Amino acid sequence: MFSEDFLIGLLRARRITVLTGAGISAESGIATFRDAQTGLWERYDPALLASAEGYKEDKSLVWGWYEWRRAQVLKAKPNPGHLALVELERFVDELTVVTQNVDDLHERAGSKGVIHLHGSLHHPKCFSCNEPHEFANTIPNIAIEGERLEPPRCDYCGGSIRPGVVWFGELVPEEAWQQAEDAVIDSDVLLSIGTSSLVRPASMLPDIAIVHGAKIVQINPDPTPLDSKAHYNFRGKAGEILPTLVKALSDLI
Ligand code: NAD
Ligand code: ZN
């Protein structure tokens, strides 16, 4: 599957940036956005579930849905794709994971310093004053997708707590973006895994990498707009291709 040239190129890389999307968590049982055939994304306008306007209109539907998603994530485990990325660190001086995912499966697999471009289900904040809110350390008691739940109140101002994720019309956190851009500019290889490459500004990171001379490697079972720009395209599941890649690298050295 991997040519020797490709493997040697990876081993020579001083720094690799890995950009991940919902696809890397698919094999942990977390539904991707574009692949979802059922669920609330299908029944409701995404703008209701993922915008400040939608939240204002129906706070308990939106909060309940994110709590349902958080429950799914807490019950899920990192899969061989997340774990192989941690092993890949052994073969390069520096590896930075930049994710569009709002789950914490990279961290639970053992990746350090993960950059979250779209925030996290686990770090909610106040809709009014932006102050972070601490969850009680329990799995949310929401078994059914679509169940409504009143959001908790802010300890500081009494405002409603909202999910700590980046919604449509909101900017990616500046610090996360800066860290991601710096990592990409400094990298010899950008590995794009499980992302449809449709959501900006994350989808611009491979372009920035190319301008700075990096090679682009993509892992995805389906075609994406990145196909024509990538130097290497591997069609398949992250949880299968990444462990095979780590094995091939170990066999070579
Ligand atoms: P996306 O849902 O738009 O695309 C997922 C991509 O993953 C697709 O290209 C699909 O072909 C690919 N894929 C599916 N199964 C795969 C597998 N086993 N291995 C490798 N690739 C696989 O996701 P996106 O590009 O991340 O953008 C959608 C937005 O939805 C993001 O903003 C993200 O924050 C959010 N989201 C996050 C999660 C999560 O945190 N796990 C889940 C759903 C959506
Ligand atoms: Zn507040």
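This note sets out points on the metal site and the nonpolar cores of a predicted model.

1. Zinc donors. The zinc ion (ligand 2) is held by four protein donors, the SG atoms of Cys126, Cys129, Cys154 and Cys157, at 2.3 to 2.4 Å. Along the chain, these donors follow the spacing C-x2-C-x24-C-x2-C.

2. Geometry of the site. The site of the zinc ion (ligand 2) is tetrahedral, and the angles among its four donor atoms run from 100 to 116 degrees. For comparison, the ideal angle for four tetrahedral donors is 109.5 degrees.

3. Exposure of two donors. Cys126 counts as buried because its relative accessibility is 0%. Cys129, at 33% relative accessibility, counts as partly exposed, since that category lies between the limits of 20% and 50%.

4. The largest nonpolar core. This core has 29 residues, and Ile193 and Leu242 are those with the most contacts inside it. At least two residues each are supplied by the helices α1 (4-12), α7 (80-88) and α11 (238-252), and by the strands β1 (15-20), β2 (94-99), β6 (189-193) and β7 (215-219). Helix α11 provides the largest share, seven residues.

5. Surroundings of Ile193. Leaving aside neighbours within four places in sequence, Ile193 is in contact with Val18, Leu19, Thr20, Gly21, Ile24, Leu85, Ile219, Ala238 and Leu242. Leu242 is thus both a contact of Ile193 and, with Ile193, one of the residues with the most contacts inside the core.

6. Another core. Apart from the largest core lies another, of 20 residues; among them are Leu49, Ala52, Val73 and Ile142.

Definitions and conventions
Residues numbered from 1 in each chain as written. Chains lettered and ligands numbered in written order. Predicted model: local features only at pLDDT ≥ 70, side-chain atom pairs only at ≥ 80, totals over all residues. Heavy atoms only, no water. Donors = N, O, S within 2.8 Å, 3.2 Å for Na, K, Ca; no water. Tetrahedral: all angles 85-135°; square planar, octahedral: opposite > 155°, others 65-115°. Buried < 20%, exposed > 50% of the residue type's maximum accessible area, 1.4 Å probe, protein only. Core = buried A, V, L, I, M, F, W, Y, C linked by side-chain atoms within 4.5 Å. Helix = DSSP H or I, 4+ residues; strand = E, 2+ residues; numbered from the N terminus. Contact = heavy atoms within 4.5 Å.
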